[in-house]
Amino acid sequence: MSTAIAIAGVRKTYGRTIALHGIDLAIHQGEFFGLLGPNGAGKSTLINIIAGLVRMDAGSVSVMGYDTVRQFREARRRLGVVPQELVFDPFFTVRDMLRIQAGYYGCGREVWPWIDEMLERLDLAGKATSSMRALSGGMKRRVLIAQALVHRPPVVILDEPTAGVDVELRRTLWAFMTELHRQGTTVVLTTHYLEEAQELCGRIAILDHGALQVVETTAQLLARH
Ligand code: ADP
Ligand code: ADP
């Protein structure tokens with residue numbers, strides 16, 4: 001099985017806080033992987049290290065075989081990260097924002113049909129020419145998901161995409177993530193909801209106080225507790 005994300009001996013401290021203690025983990029290509037853990041466990045730090053946005057103190061990470069430090073651009077091009085926070089320019093339209101983001105990755109018109117397809121699947125088809133400030137919170141969240149995927153990355157990390165969303169939107173997001181996975185994308189999901197991990201993920205890991213506690217199937221985890 002080929003590895004989508006290879007994490008070896010990753011350590012990170014902030015002053016006296018050990019955010020990550022030597023993390024080792026291999027996420028396989030085509031997996032739907034869940035990363036669970038309480039607030040402060042180190043999930044955001046680990047995601048930011050995988051994305052090459054936070055410097056690790058020791059260890060290495062590669063995405064689709066590209067080292068996230070030495071081959072940052074190659075690795076980053078193969079990764080989409082959906083952040084928790086809703087950050088965007090309120091005056092851009094949805095379509096402009098997505099096309100501009102595609103441009104950052106060197107993608108041109110060839111991805112425009114894909115952008116329209118994502119808007120369709122995320123129930124945003126009628127909003128392509130709306131400005132971001134006119135959208136509801138749930139719509140903004142969906143646009144940021146589309147934004148992370150404009151360059152059709154083979155690996156996607158979604159950081160708590162369903163936190164605080166209503167049941168209907170949660171169902172839309174579950175269907176969207178399931179379809180991405182079905183089409184061959186490696187999906188990594190962080191969530192606070194165990195039932196969500198159980199529903200969607202093949203394997204899950206529990207991060208607690210900067211250490212990876214469990215890597216096994218959701219069924220095994222539930223049998224244990
Ligand atoms: P999460 O929802 O992942 O728990 P946090 O609220 O812990 O998010 O963190 C939000 C942002 O603030 C992250 O970028 C994180 O790296 C940063 N952060 C978290 N804790 C601290 C801290 N003690 N000092 C400075 N920055 C922090
Ligand atoms: P999670 O995403 O699981 O909530 P984080 O990765 O945000 O966890 O945080 C892990 C630990 O590192 C926490 O103790 C947090 O306060 C600390 N931390 C995270 N980012 C920073 C930062 N920029 N400066 C100082 N401490 C931080």
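This tour moves through a predicted model in five stops, each naming what to select and what is found there.

**The sheet.** Begin by selecting strands β1 (3–14), β2 (17–28), β4 (58–63) and β5 (66–67). These four strands make up an open sheet, ordered β2-β1-β4-β5, with antiparallel pairing. Strands β2 and β5 form its edges, each of them pairing on one side only. Next, add helix α1, residues 43–50, to the selection. Helix α1 packs on the sheet and touches β1, β2 and β4, and its direction makes about 120 degrees with that of β1.

**The β4–β5 connection.** Centre the view on the antiparallel strands β4 and β5, which are joined by two bridges. Here Val63 stands opposite Tyr66 in β5. In the loop between these two strands, select Met64. Its phi is near 50 degrees, a positive value in a residue that is not glycine. Is Met64 buried or partly exposed? The relative accessibility of Met64 is 24%, and because burial requires a value under 20%, Met64 counts as partly exposed.

**The largest cavity.** Two cavities of 30 Å³ or more are counted in the model. To find the largest, which has a volume of about 60 Å³, select its lining: Ile7, Leu25, Ile27, Phe33, Leu35, Leu46, Ile47, Ile50 and Val188. Which element gives the most to this lining? Helix α1 does, with three residues. At least two lining residues come from each of β2, β3 (32–36) and α1.

**Helix α3.** Move now to residues 94–104, which form helix α3, and display the side chains of its buried residues Val94, Met97, Leu98, Gln101 and Ala102. Turn the view to look down the helix axis: these buried residues fall within an arc of 135 degrees, so they line one face of α3. In general, an α-helix has 3.6 residues a turn, so residues three or four places apart point the same way. Then show helices α4 (112–121) and α5 (137–148), which are among the elements covering the buried residues of α3. Just after α3, select Gly106, where phi is positive at about 75 degrees.

**The α4–α5 loop.** Finish with Asp123, located in the loop between α4 and α5. Although Asp123 is not a glycine, it has a positive phi of about 60 degrees. Asp123 is exposed, its relative accessible area being 55%.

Definitions and conventions: Residues numbered from 1 in each chain as written. Chains lettered and ligands numbered in written order. Predicted model: local features only at pLDDT ≥ 70, side-chain atom pairs only at ≥ 80, totals over all residues. Heavy atoms only, no water. Buried < 20%, exposed > 50% of the residue type's maximum accessible area, 1.4 Å probe, protein only. Arc of directions from axis to C-beta. Contact = heavy atoms within 4.5 Å. Pairing = 2+ DSSP bridges. Axes fitted to C-alpha atoms, helices over the stretch in contact; angles between N-to-C directions. 1 Å grid on protein atoms, 1.4 Å probe; cavity = no way out; pocket = protein on both sides within 12 Å on 5 of 7 lines; lining within 4 Å. Points joined across faces, edges and corners; volume = space filled by probe spheres on them.
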